[in-house]
Amino acid sequence: CAGGIVRCTLDRPPLNLFEPGLIAALRETFETLARDPSVLAVVLTGAGRAFTAGMDVNVLRDLDVPSAKALIRSLCAAIDAVHRAPFPVIAAVNGACLGAGFELGLACDLRVAAAGAMFGLPEVRVGVPSVIQAALLPPLIGPGRAAELLLLGTSITASQALDWGLVEQVVPAERLD
């Protein structure tokens with residue numbers, strides 16, 4: 001923590017995919033930070049080439065209904081801990097920001113993207129709906145554009161995300177920090 005600013009990095013190379021351990025760590029980290037009055041803001045980013053490309057499909061393959069519900073509840077709680085943080089959370093999107101990672105980005109107060117970042121909900125193309133923070137999307141970018149992402153699984157570039165109001169700034173990758 002430097003001057004009240006905390007840098008929180010998702011670090012599960014190569015794409016920082018969500019799995020139960022990373023989900024729990026994200027929730028615990030933000031719940032701990034929320035209790036620390038010295039924290040003024042958090043910059044949330046991903047290590048390597050992705051913010052997070054979403055859920056690890058290897059985790060999904062072995063789920064039954066009860067374990068799928070438990071996984072969704074834990075992911076929802078982790079993303080909600082980010083959304084409810086009593087300080088501003090800035091997503092520094094350094095690459096792929098997809099699926100549950102996209103919803104994590106939506107839960108942040110501000111989003112700054114590297115020029116090569118991509119945003120989307122590709123899981124809808126295989127019948128998996130976005131159920132966590134998708135409701136935050138229409139107020140940011142409008143109902144038509146939100147429907148395009150939510151129903152068609154379209155991915156957009158950082159410059160499109162800026163044009164649509166999804167991110168506040170796009171910078172060269174080397175200036176993201």
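**Exercise 1. Strand 2**

Which residues point one way from strand 2, and which the other way?

*Solution.* The structure is a predicted model. Begin with the two faces of the strand: Ala 41, Val 43 and Thr 45 point one way from strand 2, while Val 42, Leu 44 and Gly 46 point the other way. Next, consider burial: all of these residues are buried. Finally, draw the conclusion: 6 of the 6 residues of strand 2 are buried, so strand 2 is largely enclosed by the rest of the structure.

**Exercise 2. The sheet that contains strand 2**

Determine the strand order of the open sheet formed by 5 strands, and state how its strands pair.

*Solution.* Step one gives the order, which is 1-2-4-6-9, with parallel pairing. Step two identifies the edges: strand 1 (5-10) and strand 9 (169-171) each have a single partner strand, so one side of each is left without a neighbour in the sheet. Step three concerns the twist: on average, neighbouring strands of this sheet are turned by 20° against each other, direction ignored.

Step four examines individual pairs. Strand 1 and strand 2 are joined in the parallel sense over 6 bridges, and Leu 10 has Gly 46 as its bridge partner in strand 2. Strand 2 (residues 41-46) also runs parallel to strand 4 (residues 89-93), with 4 bridges between them. Val 42 has Val 89 of strand 4 as its bridge partner. As background, strands of a sheet pair through backbone hydrogen bonds, either parallel or antiparallel.

**Exercise 3. The surroundings of Val 89**

Establish whether Val 89 is buried or exposed, and list the residues that Val 89 touches.

*Solution.* First, locate the residue: Val 89 belongs to strand 4. Second, assess its accessibility: Val 89 has a relative accessible area of 0% and is buried. Third, list the contacts: leaving aside residues up to four places away in sequence, Val 89 touches Phe 30, Val 42, Leu 44, Val 82, Cys 108, Asp 109 and Leu 110. Fourth, take one of these contacts by itself: Val 89 and Cys 108 are 19 residues apart in sequence and 5.1 Å apart in space, C-alpha to C-alpha.

**Exercise 4. Helix 1**

Explain why the buried residues of helix 1 lie on the same side of the helix.

*Solution.* Start with the helix itself. Helix 1 has 15 residues and reaches 21 Å from its first C-alpha to its last, close to the 21 Å expected at 1.5 Å a residue. Then name the buried residues of helix 1, which are Leu 22, Ile 23, Leu 26, Phe 30 and Leu 33. They cover an arc of only 110° around the axis, which puts them on the same side of helix 1. A general rule helps here: an α-helix has 3.6 residues a turn, so residues three or four places apart point the same way.

Now place the helix. Helix 1 (residues 20-34) lies across strand 1, strand 2 and strand 4, and runs at about 175° to strand 1. Its buried residues pack against strand 1, strand 2, helix 3, strand 4 and helix 4 (100-107).

**Exercise 5. The nonpolar cores**

Which residues touch the most other members of the largest nonpolar core?

*Solution.* The core has 47 residues, and those that touch the most other members are Phe 18, Leu 26, Phe 30, Leu 44, Leu 104, Phe 119 and Leu 166. The largest share, 6 residues, comes from helix 3 (residues 65-83). To see one member in detail, take Leu 26: not counting residues up to four places away in sequence, Leu 26 touches Leu 10, Phe 18, Leu 44, Ala 78, Val 82 and Leu 104. A second, separate core has 6 residues, among them Ala 92, Ala 114, Val 171 and Leu 176.

**Exercise 6. The loop between strand 1 and helix 1**

Identify the backbone features of Pro 14 and Asn 16.

*Solution.* Recall first the general case: most residues other than glycine have a negative phi, and most peptide bonds are trans. Pro 14 is in the loop between strand 1 and helix 1. The peptide bond from Pro 13 to Pro 14 is cis, with omega near 5°. Asn 16 lies in the loop between strand 1 and helix 1 as well. Although Asn 16 is not a glycine, it has a positive phi of about 55°. Asn 16 is also buried, with a relative accessible area of 0%.

Conventions
Residues numbered from 1 in each chain as written. Predicted model: local features only at pLDDT ≥ 70, side-chain atom pairs only at ≥ 80, totals over all residues. Heavy atoms only, no water. Pairing = 2+ DSSP bridges. Axes fitted to C-alpha atoms, helices over the stretch in contact; angles between N-to-C directions. Contact = heavy atoms within 4.5 Å. Core = buried A, V, L, I, M, F, W, Y, C linked by side-chain atoms within 4.5 Å. Buried < 20%, exposed > 50% of the residue type's maximum accessible area, 1.4 Å probe, protein only. Expected span 1.5 Å × (residues − 1). Arc of directions from axis to C-beta.
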